[in-house]
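Take a look at the protein below. This report starts with the whole chain, then turns to one hairpin and one helix.

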Amino acid sequence: MSEESVRNIVIPFLNKWKCRLPYECASELAKVMQEAEPLLKPIRNFKIESVNLLVSINVEGKTLRILELIEEVFDAIQQVKAGRRTVGFTATSKILHMAVPEFFVMCDEKIRKAYGCEGNATGYGNFMIRMNLLARDLLEQANGNKDMILNCSKWKGRTLARLLDIYNYTKFTLKKA
C-alpha cells in the first residue's frame, strides 16, 4: 500500500466514518502496511467462513497460528501515531477489511463491547473468533449454500464478512432489530 493510496483512499474512507485520522499519519501507516504485507499475504485467499483460526502457518520462517497473525498485524497498525493518539480500534479493523475484505470483519466500539471484546489486538482476535463461528453457523443453517445467504441481502455483491459487519452495525451500533 503506497503512501498515496493511504492519503487518497484509506484516510478519506476512515474519516467519512468519523475515525478522525490526520493526513500526517499517511507515511507511517503506509510503511506499517508495507511491513505487514508478508503477514497479510498468506491470508489473502482466506474467507471468514472457511478458515480455522487456530491452524498454524509458516510466515517468513516463523510458525504462527492465524489468530496470532491477526493480532500481530492489528497491533502494528494500532500503534501508528495519528496526531496526539494512535490509530484506533475501529480504524484498524476497517483498514484490515480494506486489505482483505473476504476475511477481516469491521468492528466499532459498540459492536466489540456487545461481544465482550477489549479494544486491543487480543480483543480483535477474540472478535474474529466470534465472527468466524457466526459465519460457520450461518453456512451450516444454509446447508453450505453461501449464495443463498448472500442473495438474501438487499446488498448484492457483498462478502459474507461485510454482511456480518452490516448485521453488527445495524444491531449494536444503530440498535435496530
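## Contacts along the chain

Consider the contacts between residues at least 6 apart in sequence. Of these, 56% join residues at least 24 apart. Keep in mind that this is a predicted model.

## Overall build

The secondary structure comes to eight helices and four strands. Read along the sequence, the pattern is α-α-β-β-α-β-β-α-α-α-α-α. The radius of gyration is 16 Å, close to the 16 Å that the globule rule gives for 177 residues, so the protein is as compact as a globular protein of that length. Along its principal axes, the C-alpha trace spans about 45 × 40 × 30 Å.

How much of the protein is buried? Buried residues make up 45% of the 177 residues.

## Surface and charge

The accessible surface comes to about 9500 Å². Carbon and sulfur atoms account for 50% of that surface.

The protein has 27 positive and 20 negative charges. The mean positions of these two sets lie 8 Å apart.

## The hairpin of β1 and β2

Strand β1 covers residues 56–59. Strand β2 covers residues 62–65. The two run antiparallel, and four bridges join them. Ser-56 stands opposite Arg-65 in β2. Asn-58 has Thr-63 in β2 as its bridge partner.

Two residues lie between the strands of this hairpin. Glu-60 takes a positive phi there, near 50 degrees.

Which side chains of β1 are buried, and which are not? Ile-57 and Val-59 point to one face and are buried. Ser-56 and Asn-58 point to the other face and are not buried. This fits a general rule: in a regular strand the side chains alternate between the two faces of the sheet.

## A covered helix

Helix α4 runs over residues 89–99. This helix is mostly covered, with nine of its 11 residues buried. Among the buried residues of α4 are Phe-89, Ile-95 and Leu-96. Lys-94 and His-97 are also buried in α4. So are Ala-91, Thr-92, Ser-93 and Ala-99.

What do the buried residues of α4 pack against? Their partners are helices α1 (3–16), α2 (26–40), α3 (66–78), α5 (109–114), α6 (121–141) and α8 (160–173).

Technical notes
Residues are numbered from 1 along each chain as its sequence is written. This is a predicted model: local features need pLDDT of at least 70, side-chain atom pairs count only at pLDDT 80 or more; totals for chains, interfaces and linings use all residues. Side-chain values use heavy atoms; hydrogens and water are left out. Buried means under 20% relative accessible area, exposed over 50%, partly exposed in between (1.4 Å probe, protein chains only). Two strands pair if DSSP finds at least two bridges between them. The radius of gyration is taken over C-alpha atoms; the globule rule is 2.2 Å times the number of residues to the power 0.38. Contact means heavy atoms within 4.5 Å. Accessible areas come from the Shrake-Rupley method with a 1.4 Å probe; for residues, only the protein chains shown count as cover. Lys and Arg count as positive and Asp and Glu as negative; His and the chain ends are not counted. The place of a charge is taken as NZ of Lys, CZ of Arg, CG of Asp or CD of Glu.
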